[in-house]
Amino acid sequence: MDLNEYIEQFTKNAIHKLNPEEINVCVRYATNLMNKGLPIIYDLKHLSYQTKYETGFLYLCINFKDKVYRQFSIKKRNGSDRNISEPLPNLKNIQTWIKKNILEKLSVHKVAKAFRKNQSIKNNAYFHKNQDTVLALDIKDFFNNIDGKTVYLLFRRCGYSRRVSNILKELCTFNDCLPQGAPTSPIISNLIFAAIDNRIYNFTRKENLYYTRYADDITISGNDIKIKKVISFISMVLKENNFELNQDKIKIMRKNSCQLVTGIVSNNSVLNAPKYKIKDLRKEIYYIRKYGIDDHMAYVGIKKAHYIEHLMGIANFILFINKNNKIATEALDFLRELQKQRNHPF
């Protein structure tokens, strides 16, 4: 249905329920949203119709969130815990609807490389190849520092009413922040961070530097980085927007050292996986060839049920970064043949 058809039908249906001024207000509201390609939502009942979930369940998701989230923690690489708040399936479906029909219609800054179609850690590292200096920074408690008010204002900027913006905000937040585990959280973080990305991008362009951001990882590279000036500026911009730079995770990587950008070596004109990953894979394949996979696993105490698949995953990662890596190519061929033999021993 196009805009004119919608206005005609809406006016016809509302003529006996609303006065002319109220109809005009609704038409202006709907026109603004339709021109942006966004779904028209007037209230909770209307959202219920759109998402095909009863208003009572939406009310439960908004007012009794502890009943629609599963909370647990996972270990980070540094040994600390990351708290996960995962929505239960029905709420996750509603959030997925919001993501597809509203959030994905909005634009994020081009420097944001995470949580986007056709973007990856490889795209992120690509911009920092063969640079004299790479500066890696980390934003502290990234999702936790995006509060409900900020999410509310995002939906208000879309053109939604105060009431609807508050409903959408409540459906996308938990404990007044973005829950790690919700399908809406990653794209909301990119959208909210867009203005900050733009400020940093404009600053780095003037300094003849490259800037990208992968979730909470900021990477800046170039041939003449004024380190203190850059860190000071980014720290200031983050603080102005309720974020904080993690001072313990600042990395300055010169050309004569391994420059790792989101886990990828970017020192040269060709991206590569870290040497230790390639070396470890080669070592594992060597021992499997020499002693057989069962004896090797028993000797080193490996109990993974899908150990071959695990090694294949490492080989595929290396080839994803550099498709011409000979060690990974040969390892993958060997592992595929080994997998066939184990699946069909006779």
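## Pockets and helix 10 in a predicted model

The second largest pocket of this protein has a volume of about 550 Å³. The model that contains it is predicted. Lining this pocket are 16 residues, and those nearest its centre are Tyr 6, Ile 40, Tyr 42, His 46 and Gln 50. Helix 1 (3-14), helix 2 (20-35) and helix 3 (44-51) are the elements that each give two or more residues to this lining.

The largest pocket holds about 1,700 Å³ of space. Its lining comprises 47 residues, of which Arg 82, Asp 138, Asp 216, Asp 217 and Lys 249 are the closest to the centre. Two or more residues apiece come from strand 2 (81-87), strand 3, strand 5, strand 6, strand 7 (260-261) and helix 11 (275-291). Of the contributors to the lining of the largest pocket, strand 2 gives the most, with five residues.

The table sets out both linings by residue class.

| Pocket | Nonpolar | Polar | Charged |
|---|---|---|---|
| Largest pocket | 22 nonpolar residues | twelve polar residues | 13 charged residues |
| Second largest pocket | ten nonpolar residues | four polar residues | two charged residues |

Helix 10 can be described in further detail. This helix covers residues 227-240, 14 residues in total. From its first C-alpha to its last, helix 10 reaches 20 Å, which is close to the 20 Å expected at 1.5 Å a residue. Its buried residues are Ile 227, Val 230, Ile 231, Phe 233, Ile 234, Ser 235, Val 237 and Leu 238. These buried residues pack against one helix, helix 9 (185-206), and against strand 3 (133-138), strand 5 (217-222) and strand 6 (251-254). Strand 3, strand 5 and strand 6 are also among the elements that give two or more residues to the lining of the largest pocket. Just after helix 10, Asn 242 adopts a positive phi of about 70°.

The protein as a whole provides the setting for these features. Its secondary structure amounts to 14 helices and eight strands. Along the principal axes, the C-alpha atoms fill a box of roughly 85 × 60 × 35 Å. The protein has 346 residues, and 44% of them count as buried. Considering contacts between residues at least 6 apart in sequence, 66% join residues at least 24 apart. The exposed area of the protein is about 20,000 Å², of which carbon and sulfur atoms supply 49%.

Methods:
Residues are numbered from 1 along each chain as its sequence is written. This is a predicted model: local features need pLDDT of at least 70, side-chain atom pairs count only at pLDDT 80 or more; totals for chains, interfaces and linings use all residues. Side-chain values use heavy atoms; hydrogens and water are left out. Helices (H or I, at least four residues) and strands (E, at least two) are DSSP runs, numbered from the N terminus. The expected span of a helix is 1.5 Å times one less than its number of residues. Buried means under 20% relative accessible area, exposed over 50%, partly exposed in between (1.4 Å probe, protein chains only). Contact means heavy atoms within 4.5 Å. On a 1 Å grid over the protein atoms alone, a cavity is a set of points where a 1.4 Å probe fits but cannot get out, and a pocket is an open set with protein on both sides within 12 Å along at least five of seven lines; lining residues have an atom within 4 Å of a point. Grid points are joined across faces, edges and corners, and a volume is the space filled by probe spheres set on the points. Ala, Val, Leu, Ile, Met, Phe, Trp, Tyr, Cys and Pro count as nonpolar, Asp, Glu, Lys and Arg as charged, and the others, Gly among them, as polar. Accessible areas come from the Shrake-Rupley method with a 1.4 Å probe; for residues, only the protein chains shown count as cover.
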